[in-house]
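Please read the points below with the sequence and the structure open beside you. They go from the charged pairs to the nonpolar parts.

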Amino acid sequence: MTELDSTDQRLLMFLQQNGAATAQELGAALHLSPSQAGRRRQRLQDEGLIAGYSARVDPARVGLGVEAFISVHMAGHAPQVGRAFVALTRRCPEIVAAWTMTGEADYMLHVFCADLGALNHLVHHVLLAEPGVARVHSQIAMDRVKANAPLPVGRQTG
């Protein structure tokens, strides 16, 4: 784990909320010169603490009216079955995130679909059609009460 001073922590928190910030904006927020802020950002990128930048797109505004979480239970745990399923998750654009899990489910998927029909197709004709999948359980998100919050940098407990 990289040691972060309080300025690095504030910089990471700020960038998680505004990844498109200029060096001038970072400097003003951190009470540094733009060049100092830019060098700090570059160092954190070079050290791998900043993995990348992206824009948050409103799903409803681009026609993705259904958000769901799908737990996937595999029929077996042979390595080739897992590799095939992971490859499927990477090919399917509706699956925006996938995790291997402890507990009952083997995988948890976060998906966005245009409507319930598209979700039904994904579940029945894509996921359940995969030979290694035994069963799935989907939960449709009704409302986002907290989404994609910044990581609590510098607030570790121990």
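1. A residue is called buried when its relative accessible area is under 20%, exposed when that value is over 50%, and partly exposed in between. The model discussed here is a predicted one, and with the definition in hand we can begin with Glu67, which is buried because its relative accessible area is 11%.

2. Glu67 shares a salt bridge with Arg144, in which the N to O distance between the side chains is 3.0 Å. Glu67 belongs to strand β1 whereas Arg144 lies in the segment after β4 (133–140), so this pair ties together parts that are 77 residues apart in sequence. Unlike the buried Glu67, Arg144 counts as partly exposed, because its relative accessible area is 36%.

3. Which residue is joined to Glu67 by a polar contact of 2.6 Å between side chains? The partner is His110, a residue of strand β3 (residues 107–113). His110 has a relative accessible area of 12%, and therefore it is buried. If residues up to four places away in sequence are not counted, His110 touches Glu67, Ala68, Phe69, Glu94, Ile95, Val96, Ala97, Trp99 and Arg144, so that both members of the salt bridge described above are found in this list.

4. The structure holds five salt bridges, and a network of them links Asp5, Asp8, Arg40, Arg43 and Glu47. Within this network, Arg40 pairs with Asp8, with 2.7 Å between the closest N and O atoms. Since Arg40 is in helix α3 and Asp8 in helix α1 (residues 6–17), the pair ties together parts that are 32 residues apart in sequence. Asp8 is buried, at a relative accessible area of 2%, while Arg40, at 21%, counts as partly exposed.

5. Another pair in the network is Glu47 and Arg43, whose closest N and O atoms are 3.6 Å apart in a salt bridge. Glu47 is partly exposed, with a relative accessible area of 40%, and Arg43 is also partly exposed, with a value of 29%. As a general point, side chains of opposite charge can pair when their charged atoms come close.

6. Turning to the nonpolar parts, the largest nonpolar core has 18 residues, of which Ile70, Phe85, Leu109 and Leu119 touch the most other members. The elements that each give two or more residues to this core are β1, α4 (79–91), β3 and α5 (116–127), and the largest share, five residues, comes from β1. Leu119, leaving aside its neighbours within four places in sequence, is in contact with Val66, Ala68, Ile70, Val111, Cys113 and Ile140. A second core, separate from the one just described, has 11 residues, among them Leu12, Met13, Leu30 and Leu44. In soluble globular proteins, nonpolar side chains tend to be buried together.

7. Where, by contrast, is there a nonpolar patch on the surface? Such a patch is formed by Val57, Val62 and Leu64, which together have about 250 Å² of accessible area. Leu64 is located in the loop between α3 (34–46) and β1 (66–74), and because its relative accessibility is 31%, Leu64 counts as partly exposed.

How values were computed:
Residues numbered from 1 in each chain as written. Predicted model: local features only at pLDDT ≥ 70, side-chain atom pairs only at ≥ 80, totals over all residues. Heavy atoms only, no water. Patch = residues over 30% accessible without salt bridge, like charges linked within 9 Å, V, L, I, M, F, W, Y side chains within 5 Å. Areas by Shrake-Rupley, 256 points an atom, 1.4 Å probe, with all protein chains shown as cover. Salt bridge = Lys/Arg side-chain N within 4 Å of Asp/Glu carboxyl O. Helix = DSSP H or I, 4+ residues; strand = E, 2+ residues; numbered from the N terminus. Buried < 20%, exposed > 50% of the residue type's maximum accessible area, 1.4 Å probe, protein only. Polar contact = N/O pair within 3.5 Å; in protein donor to acceptor, adjacent residues only side chain to side chain. Contact = heavy atoms within 4.5 Å. Core = buried A, V, L, I, M, F, W, Y, C linked by side-chain atoms within 4.5 Å.
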